[in-house]
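Thank you all for coming. I would like to walk through one structure with you, beginning with the fold of a single chain, then turning to the DNA, and ending with the charged pairs.

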2 protein chains.
Amino acid sequence: MSNKVAADSRRRGTRSAANASVNGSPGHGIDLGLLPSLLGYQLRLAQRAVFSDFADALGELEVSPGLFGMLVVIEANPGLKQSQLAKAAHLDRSTLVPALDKLEARGLVMRRASEHDRRVNGLWLTEPGTALLKTLKQRVARHEQRLAHRLSRSERNQLIALLARIFPDRR
Amino acid sequence: MSNKVAADSRRRGTRSAANASVNGSPGHGIDLGLLPSLLGYQLRLAQRAVFSDFADALGELEVSPGLFGMLVVIEANPGLKQSQLAKAAHLDRSTLVPALDKLEARGLVMRRASEHDRRVNGLWLTEPGTALLKTLKQRVARHEQRLAHRLSRSERNQLIALLARIFPDRR
DNA sequence: TATTGTTATACTCTATAACTATA
DNA sequence: TATAGTTATAGAGTATAACAATA
């Protein structure tokens with residue numbers, strides 16, 4: 001059976017066994033088969049590494065990548081409504097509620113009912129929210145540097161460009 | 001404040017507003033600020049797209065990327081023990097238990113107690129498990145093709161290589 | 001009727017701690 | 001004592017369905 005895997009790999013112009021030792025793959029002697037040749041697999045590992053490093057970088061500030069993104073988007077679009085933020089974050093509007101509750105409870109974000117349409121909550125950063133975000137951005141910048149320290153700037157830019165091209169149109 | 005973001009972007013040699021319209025970013029007119037210039041953000045979006053396409057590709061077979069990976073590794077390492085599979089999959093050994101329960105309940109995988117050390121379960125694919133995995137691999141190959149249809153083969157290979165280089169040594 | 005925010009609920013994925021049976 | 005597998009439990013993160021207020 002593993003010759004079948006090898007055959008598949010040969011056809012694709014990759015070699016999984018070789019990959020396994022070249023690849024950042026674990027040194028525990030387990031054969032990962034075709035996994036290292038799969039985009040989805042590499043993406044999952046890379047994201048795991050990135051999230052873990054992000055958490056280290058922000059440390060005691062206790063802001064997840066998702067919450068950081070929300071702060072950035074609110075700052076860039078003061079007064080936007082929850083449903084707009086949900087769409088920008090690719091989240092259901094019900095999913096956003098507890099996240100905003102958290103940000104509001106920490107005094108970083110304000111919901112303010114619209115005067116024109118009283119169904120709507122506009123979202124603003126508070127002054128402490130703006131201040132914290134400034135610090136967060138500095139840490140995130142350092143995190144990005146650390147992450148990509150094995151890549152040249154042009155490789156990093158190319159990586160981002162390649163990633164951005166993968167998305168199916170629908171998403 | 002958004003001029004600050006722009007300044008950051010300028011310093012980094014990227015332009016987030018331009019990115020936002022070039023990037024597969026949403027057409028809902030919300031400014032994503034510096035997010036599109038961040039590796040972690042692009043990685044998250046790319047992984048979302050990949051997982052969704054993976055699910056479509058495997059459809060009624062109802063096998064997640066994680067379960068697929070386990071089947072591949074068990075096939076490549078017949079008889080490996082649970083703790084080895086957990087390590088290869090970057091999971092706690094307790095996390096593996098319900099996943100294997102599922103695979104065993106579906107008749108795809110067998111746990112067999114070792115004769116040498118009765119604490120150990122060796123893992124094997126069943127005959128139906130091997131047969132299903134063959135089908136899964138075909139679907140995954142098509143999924144990978146579909147995913148990367150905007151990239152040339154060399155771009156795809158380069159993307160995988162760049163991703164593999166991001167990992168911090170520790171992981 | 002449709003939209004906005006909310007609640008209740010549930011599902012997936014993951015981890016930690018404590019247990020058991022072995023070694 | 002240490003290891004392998006298991007259980008109980010909990011915490012993110014996410015979604016769907018139904019609701020109240022408002023348009």
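**Chain A, the DNA strands and the salt bridges**

Let me start with chain A, which contains 8 helices and 2 strands. Please keep in mind throughout that what you see is a predicted model, and that the values I quote were computed from it. If you follow chain A along its sequence, the elements come in the order α-α-α-α-α-α-β-β-α-α. Chain A has 171 residues, and 47% of them are buried. When we take the contacts in chain A between residues at least 6 apart in sequence, 49% of these join residues at least 24 apart. As for the outside, the accessible surface of chain A amounts to about 8600 Å², and carbon and sulfur atoms hold 50% of that area.

Now to the DNA, and I will take strand C before strand D. Which residues come closest to DNA strand C? There are 19 residues around this strand, and the closest are Lys81(A), Gln82(A), Ser83(A), Arg93(A) and Ser94(B), a list that draws on chain A and chain B. If we sort the surface near DNA strand C by residue type, we find 3 nonpolar, 8 polar and 8 charged residues. In terms of elements, helix 5 (82-88) and helix 6 of chain A, together with helix 6 of chain B, each give at least two residues to this surface, and the largest share, 3 residues, is that of helix 6 of chain A.

What part of DNA strand C faces the protein? Among the atoms of DNA strand C that lie within 4 Å of the protein, 60% are sugar or phosphate atoms, and the rest belong to bases. We can see both kinds of contact in individual residues. On the phosphate side, an N or O atom in the side chain of Lys81(A) sits 2.5 Å from a phosphate oxygen of DNA strand C. On the base side, Arg119(A) places a polar side-chain atom 2.9 Å from a base oxygen of this strand, and Ser94(B) has a polar side-chain atom 2.7 Å from a base oxygen of DNA strand C.

Let us move across to DNA strand D, which has 20 residues around it, the nearest being Ser94(A), Lys81(B), Gln82(B), Ser83(B) and Arg119(B). For this strand, sugar and phosphate make up 63% of the atoms within 4 Å of the protein. The surface near DNA strand D consists of 3 nonpolar, 9 polar and 8 charged residues.

Looking at single contacts again, the side chain of Lys81(B) brings an N or O atom to 2.6 Å from a phosphate oxygen of DNA strand D, while Ser83(B) uses a backbone N or O atom, which lies 2.7 Å from a phosphate oxygen of the strand. Arg93(B), by contrast, reaches a base, with a polar side-chain atom 2.9 Å from a base nitrogen of DNA strand D. The elements that contribute two or more residues to the surface near DNA strand D are helix 6 (93-105) of chain A, along with helix 5 (82-88) and helix 6 (93-105) of chain B. Of these, helix 6 of chain B provides the largest share, with 3 residues.

My last topic is the salt bridges. As general background, side chains of opposite charge can pair when their charged atoms come close. Over all chains, the count of salt bridges is 16, and I will show you three.

One of them joins Glu75(A) and Lys137(A), whose closest N and O atoms are 2.8 Å apart. This pair ties together distant parts of the chain, since Glu75(A) belongs to helix 4 (residues 65-76) and Lys137(A) to helix 7 (residues 127-147), 62 residues apart. Is this pair buried or exposed? Glu75(A) is buried, at a relative accessible area of 11%, and Lys137(A) is buried as well, at 10%.

Another salt bridge connects Asp101(A) with Arg111(A), with closest N and O atoms 2.9 Å apart. Here helix 6 of chain A, which holds Asp101(A), is linked to strand 1 (residues 109-113), which holds Arg111(A). Asp101(A) is partly exposed, at 37% relative accessibility. Shared partners join Asp101(A), Glu104(A) and Arg111(A) into one network of salt bridges.

In chain B, Glu104(B) pairs with Arg111(B), the closest N and O atoms being 2.8 Å apart, and Glu104(B) is partly exposed, with a relative accessible area of 32%.

Methods. Residues numbered from 1 in each chain as written. Chains lettered and ligands numbered in written order. Predicted model: local features only at pLDDT ≥ 70, side-chain atom pairs only at ≥ 80, totals over all residues. Heavy atoms only, no water. Near = heavy atom within 4 Å. Polar contact = N/O pair within 3.5 Å; in protein donor to acceptor, adjacent residues only side chain to side chain. Helix = DSSP H or I, 4+ residues; strand = E, 2+ residues; numbered from the N terminus. Nonpolar A, V, L, I, M, F, W, Y, C, P; charged D, E, K, R; others polar. Salt bridge = Lys/Arg side-chain N within 4 Å of Asp/Glu carboxyl O. Buried < 20%, exposed > 50% of the residue type's maximum accessible area, 1.4 Å probe, protein only. Contact = heavy atoms within 4.5 Å. Areas by Shrake-Rupley, 256 points an atom, 1.4 Å probe, with all protein chains shown as cover.
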